[in-house]
Amino acid sequence: MTMPAGVPPTHNTPADLALGFLTGGVIGASLTAFISGCVVEKTPLIVLGLVMPAVYGLFLFGTTLPRRAREAAVVPRTALAVIESLEAVGGETSDVPVRFELTVAPDEAPAYRVEIRQDINLVELPDYRPCGVVVVEYPPDRPWKTRIVKRPTPEWEERAAGAQVDSVPGPAMKSDSPAGCAGGLLTLLGLLLGAGAVLLLFRADLFGPDESGTSRRPSVSSSSTTTVTSGTGTVTVGPGRSMLDRGELRKAVESLTRGADERRALTVVVQDRLLTIVFSPTGVTSAGFDPRSLPYDRLPGLVEEARTTLGVVSPKSWQLSADGVTGSLTLRVMVTGDGGTGTLEADGQGKVLRRTGS
């Protein structure tokens, strides 16, 4: 059949809306599953996030294959058309997207007006001008998919050179009619529901206790944030507070080791408002050290000594690390400023062993 002039293709059918909703759901679920799986190190979630888009793509390919086969079987018609107007709409390459408004005059059907967008090479762009006659092709059942034939046959090229095509009044059919907001809203809704479904179905893996019995949910108080996993623990104190304040560091360490008396640390890193502990693997008791054995009373003095005796000009930041991987506890304070960096090293009792200036 031939679409009457001025009737654009139908958009936002129930099938289109359902497909948009389903696509949004797959995108939201797969992204949420993949990212969550990487964060909590759960292989099934990662695999789900990768497999879901592939399965959905195969589903779409299979369901649309008959329609695409029917459309491919339709023999396009060739006709002459006159360019009513044209406008380049962007592009930074040699092929420029151009919006054409054409009057198409088939030999055995009524003329119709159509608006299309087609890429034209910059070198060939001067060949297209208003009132110029061109050769076009279009599927007889989808005239809005009209395309300009850039290399017509000699017969059609000769016809176009001597032809005169009369304009027909608008409005013009458009190959890309506005889809409206309903489709976008349904796609967004599907995305949110897909993400929520993954979080709900795998809430035990994402938010429940991990293998060591500690919770992955961060505990937030009015002045600090504590996060504990099987491998690390962090404490961040609020503005106006410092880990060097009296009793602050000891309290932070105890909050990360509470209920795990035998839990040992490989490394403890202290910054002004942040404490990070890297725990030794579960079941390994020989490696590392007890983070509660740090010489808390000496640490503020070591930081101050590093800031003032290492020759660092205008010290801006500091970091104290405690390392017990080799068996004996070693404390290192690194200070950074405009004049470079300096390092102070001390033993497990806080006795200074060496200094390295900038």
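This note walks through some features of a predicted model, point by point, for someone meeting the structure for the first time.

1. **Helix α1.** A good place to begin is helix α1, which covers residues 14-40. Its 27 residues should span 39 Å at 1.5 Å a residue, and the C-alpha atoms at its ends are indeed 39 Å apart, so the expected and modelled values agree. Just after α1 comes Glu 41, and its phi is positive, near 60°.

2. **The buried residues of α1.** Which residues of α1 are buried? Glycines are well represented in the list, with Gly 20, Gly 24, Gly 25, Gly 28 and Gly 37. The others are Val 26, Ala 29, Ser 30, Thr 32, Ala 33, Ser 36 and Val 40. As background, an α-helix has 3.6 residues a turn, so residues three or four places apart point the same way.

3. **A nonpolar patch on the surface.** Now look at the outside of the model. Twelve names make up this patch: Ile 27, Leu 31, Phe 34, Ile 35, Val 39, Val 47, Leu 50, Val 51, Val 55, Leu 188, Leu 191 and Leu 192, with about 1100 Å² of accessible area together. Helices α1, α2 (43-73) and α4 (180-201) are the elements that each give two or more residues to the patch. Which of them gives the largest share? That is α1, with 5 residues; Leu 31, for one, sits in this helix.

4. **The open sheet.** Next, find the sheet of 6 strands, which is open and runs in the order β5-β4-β1-β2-β3-β6 with mixed pairing. At its edges are β5 (147-148) and β6 (173-174), each pairing on one side only. Inside the sheet, β1 (residues 77-88) and β4 are antiparallel and share 6 bridges. To locate this pairing on screen, start from Ala 79, whose bridge partner in β4 is Val 136.

5. **Strand β11 and its neighbours.** Strand β11 (residues 274-279) has antiparallel links to two strands. One is β9 (residues 232-237), joined to β11 by 5 bridges, and the other is β10 (residues 265-270), also joined to β11 by 5 bridges. Val 278 is a handy landmark here: Thr 232 has it as a bridge partner, and Thr 267 stands opposite it. Between β10 and β11 there are 3 residues, and the two strands form a hairpin.

6. **Two faces of β11.** In a regular strand the side chains alternate between the two faces of the sheet. How do the side chains of β11 divide? Leu 275, Ile 277 and Phe 279 point to one face and are buried. Leu 274, Thr 276 and Val 278 point to the other face and are not buried.

7. **Salt bridges.** Side chains of opposite charge can pair when their charged atoms come close. The count for this model comes to 13 salt bridges. One of them joins Arg 159 and Asp 107, with the closest N and O atoms 3.2 Å apart. This pair links distant parts of the chain, 52 residues apart: Arg 159 lies in helix α3 (residues 154-162), and Asp 107 lies in the loop between β2 (95-105) and β3 (112-121). Arg 159 is partly exposed, at 33% relative accessible area.

8. **Two further bridges and a network.** Asp 290 and Arg 292 form a salt bridge whose closest N and O atoms are 3.2 Å apart. Both partners are partly exposed, Asp 290 at 25% and Arg 292 at 30%. Glu 345 and Arg 354 also meet in a salt bridge, at 2.6 Å from N to O. Here Glu 345 is buried at 14% relative accessibility, whereas Arg 354 is partly exposed at 48%. Elsewhere, salt bridges with shared partners join Glu 84, Glu 101 and Arg 113 into one network.

9. **Aromatic pairs.** The whole structure holds 3 aromatic pairs. One of these is edge-to-face: Phe 100 and Tyr 128, with ring centres 5.8 Å apart and 65° between the planes. Phe 100 is in strand β2 and Tyr 128 in the loop between β3 and β4 (133-138), 28 residues apart. Are these two residues buried or exposed? Both are buried. Tyr 112 and Tyr 138 have centres 5.7 Å apart and planes at 75°, so they too are edge-to-face. Tyr 112 belongs to strand β3 and Tyr 138 to strand β4, 26 residues apart, and both are buried.

Methods
Residues are numbered from 1 along each chain as its sequence is written. This is a predicted model: local features need pLDDT of at least 70, side-chain atom pairs count only at pLDDT 80 or more; totals for chains, interfaces and linings use all residues. Side-chain values use heavy atoms; hydrogens and water are left out. Patches are made of residues with over 30% relative accessible area and no salt bridge: like charges are joined within 9 Å, nonpolar side chains (Val, Leu, Ile, Met, Phe, Trp, Tyr) within 5 Å. Accessible areas come from the Shrake-Rupley method with a 1.4 Å probe; for residues, only the protein chains shown count as cover. A salt bridge is a side-chain nitrogen of Lys or Arg within 4 Å of a carboxyl oxygen of Asp or Glu. Helices (H or I, at least four residues) and strands (E, at least two) are DSSP runs, numbered from the N terminus. Buried means under 20% relative accessible area, exposed over 50%, partly exposed in between (1.4 Å probe, protein chains only). Rings of Phe, Tyr and Trp (its six-membered ring) pair if their centres lie within 6.5 Å; planes under 30 degrees apart count as stacked, over 60 as edge-to-face and the rest as tilted. The expected span of a helix is 1.5 Å times one less than its number of residues. Two strands pair if DSSP finds at least two bridges between them.
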